[in-house]
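This note offers some points to consider while reading the structure. Please keep the sequence and the model at hand and look up each residue as it is named.

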Amino acid sequence: MATTTTTCSTFGLPKLLHSTFTHNLNLSSSSSPFSRNPPNPITSSKPRTTVSISSCSVKPASPKVSVQTRMWNWKGYSIRYQCAGNSGPALVLVHGFGANSDHWRKNIPVLAESHRVFAIDLIGYGYSDKPNPRELGDTPFYTFETWGAQLNDFCTDVVKDKAFFICNSIGGLVGLQAAVADPSICRGVMVINISLRMLHITKQPWYGRPLIRSFQNLLRNTPVGKFFFQTVATKESVKNILCQCYHDTSQVTDELVDAILCPGLEPGAADVFLEFICYSDGPLPEELLPQVKCPVVVVWGDKDPWEPIELGRAYGEFDPVEDFIALPGVGHCPQDEAPHLVNPLVESFVARHATMKS
């Protein structure tokens with residue numbers, strides 16, 4: 001495994017709750033992200049070298065590239081996606097919590113010059129349908145299993161080809177889940193500041209778990225949850241949150257704030273928001289990575305205040321991971337904060353594997 005350092009942040013509203021539990025209540029273990037007793041990640045015999053890259057070439061978007069917005073019917077639900085490019089390997093870009101395909105607006109036109117690029121709004125987010133979870137039975141709906149199935153079906157129905165998954169934050173878990181569920185579809189996964197899921201119930205000490213469940217119940221089943229959402233779903237709050245996770249706050253523009261906020265004001269968005277921040281079960285990255293059959297690259301902005309790179313480095317030790325690439329001076333959403341760094345990394349990763357038999 002090579003570790004690459006490049007000189008040079010998804011959107012994570014659940015970290016508001018993380019702050020509540022970990023900083024104010026001191027409930028979370030800070031020693032390791034692997035407190036669920038997963039398989040030992042230190043099993044790789046790959047040589048480790050450090051490669052320093054002093055600069056990345058910046059490729060401007062071609063004015064000839066046209067990005068189209070389309071809708072796809074998935075199991076009776078309307079799903080928005082964006083697409084561009086007519087040739088080359090297929091890429092599917094997967095956003096993080098609270099975001100949507102517009103979070104890839106700086107990547108789609110550039111990557112589409114030599115790839116077929118698709119960016120999807122996961123169900124419940126962006127301008128995709130937001131079914132009320134209370135009307136869908138007792139089985140949780142907004143889960144990584146649901147989104148992983150959506151991603152694989154999207155490749156089958158829309159992309160009509162195998163694809164590379166390029167994913168940010170919780171989108172990284174979606175990509176890994178999809179790759180595990182159907183290895184025949186995914187050619188490779190790049191996870192960018194993947195969520196460590198530090199609010200996962202198994203990563204909390206036993207004495208804190210009842211309090212977490214009680215607080216989640218308060219949010220989901222009382223007016224407190226809707227009030228909490230209303231305080232978050234404002235331009236000022238969204239901008240403040242983005243300024244926390246972007247190291248270069250000049251990249252937090254009005255355009256970005258509107259791209260994140262406007263879909264969040266649509267009917268049903270509050271119910272999805274509350275459902276997911278109360279979702280503390282499901283898979284962890286350290287459980288999915290050993291099961292992945294395709295190559296994985298882990299990219300990490302080292303100024304991410306929500307997903308510390310010190311904990312994220314452990315993911316570089318899993319056998320499927322061929323590179324752990326640190327981006328100094330970049331926060332939680334590198335694809336938007338530093339697209340001139342991320343786009344070449346995507347192109348390089350895809351080029352290494354596009355010609356390989358899959």
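A polar contact is a pair of N or O atoms within 3.5 Å; within protein, one of the two must be able to donate a hydrogen and the other to accept it. With that cut-off in mind, the points below may be followed on the model, which is a predicted one.

1. **A buried arginine.** R187 belongs to strand β8, which covers residues 186–192. Is R187 buried or exposed, and which side chain of opposite charge is nearest? R187 is buried, yet has no salt bridge, and the nearest side chain of opposite charge is that of D161, 5.5 Å away. A salt bridge requires a side-chain nitrogen of Lys or Arg within 4 Å of a carboxyl oxygen of Asp or Glu. The side chain of R187 does, however, reach the backbone oxygen of A354, at 2.5 Å.

2. **Confidence in the model.** The average pLDDT of the chain is 84, and 82% of the residues score at least 70. Residues 2–61 call for caution: pLDDT stays under 50 there, although the model has 170 contacts beyond four places in sequence for this stretch. Where pLDDT is low, the predicted coordinates should not be read in detail.

3. **The chain as a whole.** The secondary structure consists of 13 helices and 10 strands. Of the 358 residues in the chain, 58% are buried. The accessible surface is about 14,400 Å², and carbon and sulfur atoms account for 53% of that surface.

4. **A salt bridge between D336 and K106.** The structure holds 12 salt bridges. One of them joins the side chains of D336 and K106, at 3.7 Å from N to O. The two residues come from distant parts of the chain, 230 residues apart: D336 is in helix α12 (residues 334–337), whereas K106 is in the loop between β5 (90–94) and α2 (108–111). D336 counts as buried because its relative accessible area is 0%, while K106, at 24%, is partly exposed. Which residues make up the network of salt bridges that includes this pair? The linked residues are R105, K106, E255 and D336.

5. **A salt bridge between two loops.** E266 and K130 also meet through their side chains in a salt bridge, again given from N to O, at 3.7 Å. E266 lies in the loop between α8 (254–264) and α9, and K130 in the loop between β6 (116–120) and α3 (144–159), so this pair ties together parts that are 136 residues apart in sequence. With a relative accessibility of 32%, E266 is partly exposed; K130, at 12%, is buried.

6. **A salt bridge between a strand and a helix.** In the salt bridge of D323 with R352, the closest N and O atoms are 3.3 Å apart. D323 sits in strand β10 (residues 321–327) and R352 in helix α13 (residues 339–354), and 29 residues separate them along the chain. D323 is buried at 11% relative accessible area, and R352 is partly exposed at 35%.

7. **An asparagine in helix α13.** N343 is another residue to find in helix α13. N343 counts as buried because its relative accessibility is 5%. A polar atom of the N343 side chain lies 3.5 Å from the backbone oxygen of K106. With neighbours within four places in sequence set aside, N343 is in contact with K106, N107, V110 and L111.

8. **Helix α9 and the loop after it.** How many of the residues of α9 are buried? The helix is mostly covered, with 9 of its 9 residues buried; among them are D271, F273 and E275. G282 is in the loop between α9 (269–277) and α10 (285–288). G282 is partly exposed because its relative accessibility is 22%. The C-alpha atoms of G282 and E145 are 8.2 Å apart, although the two positions lie 137 residues apart along the chain.

9. **Two positive phi angles.** K160 is not a glycine, yet has a positive phi of about 55 degrees. S169, also not a glycine, has a positive phi of about 55 degrees. K160 is placed in the loop between α3 and β7 (163–168), and S169 in the loop between β7 and α4 (170–181). K160 is exposed, at 64% relative accessible area, whereas S169 is buried, at 1%.

Definitions and conventions. Residues are numbered from 1 along each chain as its sequence is written. This is a predicted model: local features need pLDDT of at least 70, side-chain atom pairs count only at pLDDT 80 or more; totals for chains, interfaces and linings use all residues. Side-chain values use heavy atoms; hydrogens and water are left out. Helices (H or I, at least four residues) and strands (E, at least two) are DSSP runs, numbered from the N terminus. Buried means under 20% relative accessible area, exposed over 50%, partly exposed in between (1.4 Å probe, protein chains only). Lys and Arg count as positive and Asp and Glu as negative; His and the chain ends are not counted. pLDDT is the predictor's confidence in each residue, from 0 to 100. Contact means heavy atoms within 4.5 Å. Accessible areas come from the Shrake-Rupley method with a 1.4 Å probe; for residues, only the protein chains shown count as cover.
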